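This report covers one protein model, from its overall make-up to a few selected residues. The sequence and the structure come first.

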Amino acid sequence: MKKALIVGINYIGTPSELRGCVNDANIMNSLLRDQYGFEDIKMLLDGEATTANMLAELNALVSGAAPGDTLFFHYSGHGSQMVDKNGEENDGLDEI
């Protein structure tokens, strides 16, 4: 089984708007289907990509997975930072 979850968020109408994330998601979808034979692909774009929806779809992605399955997650959008808990970052922050 080959399953994928692809998320693309452009944040349209916000001061942090991006221009290519939904396009990235669509390209990744085509790549996985055409080059790698994925058939079970779920996409969450812009307003569909809420925290609740992403968590639900991540749970669905791993649900029923068995040895030998291929699971793929792709996210295109803004990230964030959090405190570096193991001290490996010079600025004290991990990028997430």
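## Met82 and the C-terminal residues

Met82 is partly exposed, with a relative accessibility of 36%. In this predicted model, Met82 belongs to strand β4, which covers residues 81-83. Leaving aside residues up to four places away in sequence, Met82 is in contact with Gly92, Leu93, Asp94 and Ile96.

Glu95 follows Met82 by 13 residues along the chain, and the C-alpha atoms of the two are 6.6 Å apart.

## Overall make-up

The protein contains 2 helices and 5 strands. Read from the N terminus, their order is β-α-β-α-β-β-β. Along the principal axes, the C-alpha atoms occupy a box of roughly 40 × 35 × 25 Å.

The chain has 96 residues, of which 26% are buried. Where contacting residues are at least 6 apart in sequence, 55% of the contacts join residues at least 24 apart.

## Surface and charge

The exposed area of the protein is about 6,300 Å². Carbon and sulfur atoms account for 52% of that area.

Charged side chains number 6 positive and 15 negative. The centres of these two sets are 8 Å apart.

## The loop between β1 and α1

Strand β1 (2-8) and helix α1 (21-36) are joined by a loop that holds Tyr11. Asn10 is in this loop between β1 and α1 as well. Is Asn10 buried or exposed? Asn10 has a relative accessible area of 8%, under the 20% limit, and therefore counts as buried. Tyr11 has a relative accessibility of 23% and is therefore classed as partly exposed.

The side chain of Asn10 comes to 3.3 Å from the backbone nitrogen of Val22. Beyond residues up to four places away in sequence, Asn10 touches Glu17, Leu18, Arg19, Gly20, Cys21, Val22 and Asp46.

## Positive phi angles

Most residues other than glycine have a negative phi. Tyr11 has a positive phi, near 55°. Asp46, also not a glycine, has a positive phi of about 45°. Asp46 sits in the loop between β2 (40-45) and α2 (51-62), and is partly exposed at 27% relative accessibility. Asp46 is also one of the residues that Asn10 touches.

A further positive phi, of about 80°, belongs to Gly64, just after α2.

## Helix α2 and Asn53

How does the span of α2 agree with its number of residues? With 12 residues at 1.5 Å a residue, α2 should span 16 Å, and the C-alpha atoms at its ends are 17 Å apart, which agrees.

Asn53 is a residue of helix α2 and is partly exposed, with a relative accessibility of 34%. A polar atom of the Asn53 side chain lies 2.8 Å from the backbone oxygen of Glu48. With residues up to four places away in sequence not counted, the contacts of Asn53 are Leu44 and Glu48.

## His74 and Met28

His74 is part of strand β3, residues 70-76, while Met28 is in helix α1. Relative accessibility is 17% for His74, which is therefore buried. Met28 also counts as buried, at 17% relative accessibility.

Which residues does His74 touch, not counting those up to four places away in sequence? They are Leu5, Ile6, Val7, Asp24 and Met28. By the same count, Met28 touches Ile6, Phe72 and His74. Ile6 is thus in contact with His74 and with Met28.

Between Met28 and Ala52, 24 residues apart along the chain, the C-alpha separation is 22 Å.

Technical notes
Residues are numbered from 1 along each chain as its sequence is written. This is a predicted model: local features need pLDDT of at least 70, side-chain atom pairs count only at pLDDT 80 or more; totals for chains, interfaces and linings use all residues. Side-chain values use heavy atoms; hydrogens and water are left out. Helices (H or I, at least four residues) and strands (E, at least two) are DSSP runs, numbered from the N terminus. Buried means under 20% relative accessible area, exposed over 50%, partly exposed in between (1.4 Å probe, protein chains only). Contact means heavy atoms within 4.5 Å. Accessible areas come from the Shrake-Rupley method with a 1.4 Å probe; for residues, only the protein chains shown count as cover. Lys and Arg count as positive and Asp and Glu as negative; His and the chain ends are not counted. The place of a charge is taken as NZ of Lys, CZ of Arg, CG of Asp or CD of Glu. The expected span of a helix is 1.5 Å times one less than its number of residues. A polar contact is a pair of N or O atoms within 3.5 Å; within protein, one must be able to donate a hydrogen and the other to accept it, and residues adjacent in sequence count only if both atoms are side-chain atoms.
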